[in-house]
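Q: I'm new to this structure and would like a close look at a single part of it. Could you take me through it slowly, then show me how it sits in the rest?

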Amino acid sequence: MCYFWGMKELIHFITSPHPLLYQEAVQEMQTRVAAIAGNAAPEQVWLLEHLPVITAGRSSNPSDLLQHNIPIVETNRGGKHTYHGPGQRIVYLMVNLRERGKTLSDLLGFLERVAVNTLASFDVPAYFCKNNVGLWVGEGEMARKIAAIGLRVSKGVSSHGIA
């Protein structure tokens with residue numbers, strides 16, 4: 001347990017030691033979100049990796065994928081398609097926004113700042129671009145996406161997060 005988001009309340013941080021199937025992780029996350037909403041469990045930040053999968057958020061369009069031989073799983077989070085696989089860190093945030101007096105926009109802004117500052121600490125200058133979804137590095141034709149954010153809020157509790 002440690003402090004999170006400048007608040008005095010404690011939040012539970014966990015890390016999974018091995019890549020997980022996306023569907024199993026989402027089921028566990030949904031169970032935790034329901035418990036948080038019912039005041040039966042503390043908030044949680046979960047650091048994990050997934051076995052190879054492409055998730056299709058609510059804004060995804062099948063024609064956006066050129067070619068794939070990786071399973072595609074539809075999900076209820078915001079955003080488009082996101083690849084997940086071993087070696088890629090995922091951070092799921094199950095935070096009671098209602099209890100904290102925060103909005104989805106507050107959480108999104110917080111995640112953006114944390115991601116940019118974390119990468120900067122590794123001398124990786126990253127930025128958000130109004131015309132392109134996600135966090136980017138490089139300029140012009142050399143620009144590459146380095147992170148994606150896809151969130152959902154149900155009963156005042158956030159789920160999903162940043163990859």
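Leaving aside its neighbours within four places in sequence, which residues is Leu104 in contact with?

A: Before anything else, keep in mind that this is a predicted model. Once the neighbours within four places in sequence are set aside, Leu104 is in contact with Leu97, Leu151 and Val153.

Let's see where that residue sits. Leu104 belongs to helix α3, and that helix runs over 104-120. Is Leu104 buried, partly exposed or exposed? Its relative accessibility is 40%, so Leu104 counts as partly exposed; to be called buried, a residue has to be under 20%, and to be called exposed, over 50%. Another way to place Leu104 is by its spacing to Arg152: the two are 48 residues apart in sequence, yet 8.3 Å apart in space, going from C-alpha to C-alpha.

Now follow the helix a little further, to the largest pocket. This pocket holds about 460 Å³ of space. It has 19 lining residues, and the closest to its centre are Val91, Val114, Ala115, Thr118 and Ile162. Which element gives the largest share of that lining? That's α3, the helix of Leu104, with six residues. Helix α3 has company, though: β3 (44-48), β7 (90-94) and β10 (144-147) also supply at least two residues each. As for the kinds of residue, the lining is made up of 17 nonpolar, one polar and one charged.

Ile162, one of the residues closest to the centre of that pocket, is worth a stop. You'll find Ile162 in strand β12. With a relative accessible area of 11%, Ile162 is buried, because the limit for that label is under 20%. What does Ile162 touch, beyond its neighbours within four places in sequence? The list is Arg89, Ile90, Val91, Leu111, Ala115, Ala147, Ala148 and Ile149. Two of these names, Val91 and Ala115, also turn up among the residues closest to the centre of the largest pocket. There's a spacing to note here as well: Ile162 and Leu107 lie 55 residues apart in sequence and 11 Å apart in space, C-alpha to C-alpha.

There is a second largest pocket too, with a volume of about 330 Å³. Its lining has 23 residues, and Lys80, His81, Thr82, Lys145 and Ala148 are the closest to its centre. The elements that give two or more residues to this lining are β6 (81-84), β7, β9 (132-137), β11 (149-154) and β12 (157-162). Here the lining divides into nine nonpolar, ten polar and four charged residues.

His81 is a good residue to pick out from this second pocket. His81 lies in strand β6. Its relative accessible area is 17%, so His81 is buried. Not counting residues up to four places away in sequence, His81 touches Ile54, Thr55, Ala56, Ser60, Asn61, Pro62, Asp64 and Leu65.

Two loop residues are also worth a look. Asn39 is in the loop between α1 (22-37) and β3, while Lys155 is in the loop between β11 and β12. For Asn39, phi is near 55 degrees, a positive value in a residue other than glycine. Phi of Lys155 is likewise near 55 degrees and positive, again in a residue other than glycine. Are these residues buried or exposed? Asn39 counts as exposed, at 62% relative accessibility, and Lys155 counts as exposed at 64%.

Finally, let's step back to the whole chain. Its secondary structure comes to three helices and twelve strands. Along the principal axes, the C-alpha atoms fill a box of roughly 45 × 35 × 30 Å. A compact globule of 163 residues would have a radius of gyration near 15 Å, and the chain has 16 Å, which agrees. Of those 163 residues, 39% count as buried. Among contacts with a separation of 6 or more, 58% are between residues 24 or more positions apart. The accessible surface is about 9,600 Å², with 54% of that belonging to carbon and sulfur atoms.

So back to where we started: Leu104 is partly exposed, and its helix, α3, gives the largest share of the lining of the largest pocket.

Terms used: Residues numbered from 1 in each chain as written. Predicted model: local features only at pLDDT ≥ 70, side-chain atom pairs only at ≥ 80, totals over all residues. Heavy atoms only, no water. 1 Å grid on protein atoms, 1.4 Å probe; cavity = no way out; pocket = protein on both sides within 12 Å on 5 of 7 lines; lining within 4 Å. Points joined across faces, edges and corners; volume = space filled by probe spheres on them. Helix = DSSP H or I, 4+ residues; strand = E, 2+ residues; numbered from the N terminus. Nonpolar A, V, L, I, M, F, W, Y, C, P; charged D, E, K, R; others polar. Rg over C-alpha atoms; globule rule 2.2 N^0.38 Å. Buried < 20%, exposed > 50% of the residue type's maximum accessible area, 1.4 Å probe, protein only. Contact = heavy atoms within 4.5 Å. Areas by Shrake-Rupley, 256 points an atom, 1.4 Å probe, with all protein chains shown as cover.
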